[in-house]
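Let's take a walk through a protein model together. Have a look at the picture first, then read on.

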Amino acid sequence: MSNAEDHLMVADGLGVSFGSGRNRFAAVKGVSLFLGQGEAIGIVGESGSGKSTLARVLVGLQKPDTGSVTFKGRSVFDGSQPYPGDLRRQVQMVFQDPYTSLNPRLSALGTVAEAWRVHHRCSMADAREEAFRVLESMGVARHDALKKPRQLSGGQRQRVSVARSLSAEPSVLVADEPTSAIDQSAQAQLLNLFNRLLGEGLSIILISHDLAVIRYIARRTYVMREGEFVEGGETEQVFSNPRHEYTRALIASIPGRKRHGAG
Amino acid sequence: MSGAPLPVPAPALVDVSGLRIGIRQGSREPLRVVDRADFQIGRGEIVGLVGESGSGKSMVCRSLIGTLPRRGAFIMSGRIEFAGHDLASIDERAWRDIRGKKIGYITQSALAGLNPVMTIEAQLREAIDQDLSANAESSAARAKGLLDVVRIRRPEVVLRQFPHQLSGGMRQRVIIASAIAPRPQLLVADEPTTGLDVTVQAEIMKLLRTIQADMGLSILLVSHDLALIDDVCEKVVVMHAGACIETAGVEQLAKPKHPYTAALQRSRIELAAPGQELVTIVGRPPAVGSWQAGCRFADRCDMARSDCRQGDHPPLRPIGQGRSSACLHWDRLP
């Protein structure tokens with residue numbers, strides 16, 4: 001592996017606890033990771049493993065109790081606000097359920113244009129033109145862009161949600177279970193989109209319980225259990241030669257591998 | 001898993017033919033949501049019902065447990081033969097002897113199916129009392145036995161617990177236990193592992209297979225996940241826009257004979273090489289109420305010709321080897 005200063009993002013010894021006294025619960029325990037430019041990494045784990053808490057720390061929504069996150073060589077949590085100044089917009093999040101994370105009263109276009117206007121401080125008219133462009137590049141046609149979330153399919157909603165995040169022109173996208181609420185064909189569309197964005201130099205942290213999705217998109221994979229990384233490495237290594245018992249159990253649980261012998 | 005193509009053993013336990021389901025909308029024409037469903041479930045068979053959200057698969061499930069009226073829906077035409085009854089035409093009184101007794105049901109949400117203020121034992125005993133075949137064994141002993149069947153460890157502890165004290169996987173096991181308590185002939189499982197972790201999902205699927213083998217019942221497993229269906233089922237029914245468009249043995253389905261199934265197979269992530277462009281299905285399924293003439297997949301299909309856009313939706317027709325396709329041009333598929 002290369003030196004830490006070459007990496008876009010480095011997390012070192014992250015720890016997050018909730019509650020106090022006897023009810024204190026450590027959600028993330030001593031987690032370290034790094035992310036390169038244009039790279040996709042996967043964090044896989046089951047519900048309660050702490051992966052969503054970790055995602056919130058990485059985008060600056062949750063301050064860690066211990067450890068640090070460094071982004072482009074600058075410490076993220078040192079100031080009064082996480083991600084100081086211009087770093088703020090460079091790390092964006094895509095949430096699991098696009099329906100609850102989109103404003104029901106705004107059209108797809110309105111949602112993306114509003115984000116564009118905020119991040120680029122331009123007029124609404126210019127923002128709408130840019131929003132049309134971003135949505136179209138994601139396969140959301142002009143007539144669909146004028147629809148409200150409830151009129152869109154699950155897959156379209158998730159692409160609108162990604163478009164909103166991209167309007168900040170980020171360098172890192174943290175996607176927390178982005179495929180779990182959408183159909184198989186919509187999943188395929190979203191993953192094709194992620195692949196294209198990776199080719200354009202975006203870095204992606206993909207958090208999922210779905211190993212097939214992780215394997216398809218991520219170059220490196222970390223396996224998370226009960227707040228800790230139990231295994232991490234090149235994705236193909238992790239899948240073909242899992243060292244931890246828990247990783248082996250996860251891989252054995254992937255449906256559809258028996259008959260087709262994938263992997 | 002067996003290798004040979006599976007002809008439907010005669011007579012089938014369930015025979016659905018020409019089923020149309022509509023939703024009442026006041027004085028206007030009912031909205032057709034299923035048009036039309038045709039499939040059979042053999043005795044002891046595990047059949048997968050697969051399709052995108054909105055394809056009508058949950059409505060088909062509801063027609064098998066007689067709960068369509070609760071959603072304002074009704075059967076417009078067609079037959080559902082089950083053990084000598086036509087479920088499409090029986091009344092609510094007759095349903096009471098079938099629903100939950102001869103046909104069990106497992107829902108998506110493992111919490112919604114359980115009563116939060118009753119202990120697991122009380123809920124299981126209620127289910128056991130639905131068993132019409134009088135049994136000498138006490139319901140207390142059977143409650144414990146059922147938890148053994150669904151592989152719950154320390155059943156004597158779990159019996160005294162309430163649903164909120166159990167994990168999602170445990171709750172789904174309890175739901176399965178209460179669904180099989182009255183010894184049904186058919187178990188309808190509508191997306192039984194949605195929202196559960198992969199390892200738990202794998203355990204539940206294994207459990208369904210074990211129960212099927214031990215009790216000899218038939219299972220209809222509804223899922224949008226072809227990979228899951230692949231692991232568990234013997235036969236698959238594919239639905240698109242309210243119609244059954246292909247039925248085949250699960251191994252036969254590797255060579256689809258309907259372009260929609262072919263597209264579903266090609267968009268499977270677990271079968272793709274990392275980073276390789278995934279095939280997607282263009283457009284989205286036609287919305288209920290705005291189905292075009294002819295085949296409802298035609299607008300998304302690169303094989304479509306002019307005859308695909310005429311008349312009624314093409315019916316499912318036998319194409320040999322025990323499988324059927326609704327595609328007029330199925331023989332053009334490799």
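## The biggest hole inside

Keep in mind that this is a predicted model. The largest cavity has a lining of 12 nonpolar and two polar residues, with no charged ones in it. Its volume comes to about 90 Å³. Of the 14 residues that line this cavity, those closest to the centre are B:Pro259, B:Cys295, B:Cys301, B:Cys308 and B:Cys327.

How do we spot such holes at all? Rolling a probe the size of a water molecule over the atoms shows where empty space is left. In this structure, two cavities reach 30 Å³ or more.

## The second hole

Next comes the second largest cavity, with a volume of about 50 Å³. Which residues line it? From chain A there are A:Asp183, A:Gln184 and A:Ser185, and from chain B there are B:Val50, B:Gly51, B:Glu52, B:His224, B:Tyr260 and B:Leu264.

Sorted by class, that lining has three nonpolar, four polar and two charged residues. Two helices each give at least two residues to it: H7 of chain A (184–199) and H9 of chain B.

## A sheet in chain B

Now for the strands. Chain B has an open sheet made of eight of them, and if you go across it you meet E6, E7, E8, E3, E9, E10, E12 and E11 in that order. The pairing is mixed. Strands E6 (103–106) and E11 (317–320) of chain B sit at the edges with a single partner strand each, so one side of each has no neighbour in the sheet. On average, neighbouring strands in this sheet are turned by 25 degrees against each other, ignoring direction.

What holds strands side by side? Strands of a sheet pair through backbone hydrogen bonds, either parallel or antiparallel. For an antiparallel example, look at E10 (residues 243–249) and E12 (residues 323–325) of chain B, which are joined by two bridges. B:Glu246 has B:Ser325 in E12(B) as its bridge partner.

## Helices across the sheet

Helix H7 of chain B (residues 198–215) lies across four strands of chain B, namely E3 (46–50), E6, E7 (186–190) and E8 (218–223). Its direction makes an angle of about 160 degrees with E8(B).

Helix H9 of chain B (residues 259–266) lies across E9 (235–240) and E10 of chain B, at about 105 degrees to E9(B).

## Chain A as a whole

Chain A contains 11 helices and 10 strands. Its radius of gyration is 19 Å, close to the 18 Å that the globule rule gives for 263 residues, so chain A is as compact as a globular protein of that length. Along the principal axes, the C-alpha atoms of chain A fill a box of roughly 55 × 55 × 40 Å.

Note on methods. Residues numbered from 1 in each chain as written. Chains lettered and ligands numbered in written order. Predicted model: local features only at pLDDT ≥ 70, side-chain atom pairs only at ≥ 80, totals over all residues. Heavy atoms only, no water. Pairing = 2+ DSSP bridges. Axes fitted to C-alpha atoms, helices over the stretch in contact; angles between N-to-C directions. Contact = heavy atoms within 4.5 Å. 1 Å grid on protein atoms, 1.4 Å probe; cavity = no way out; pocket = protein on both sides within 12 Å on 5 of 7 lines; lining within 4 Å. Points joined across faces, edges and corners; volume = space filled by probe spheres on them. Nonpolar A, V, L, I, M, F, W, Y, C, P; charged D, E, K, R; others polar. Rg over C-alpha atoms; globule rule 2.2 N^0.38 Å.
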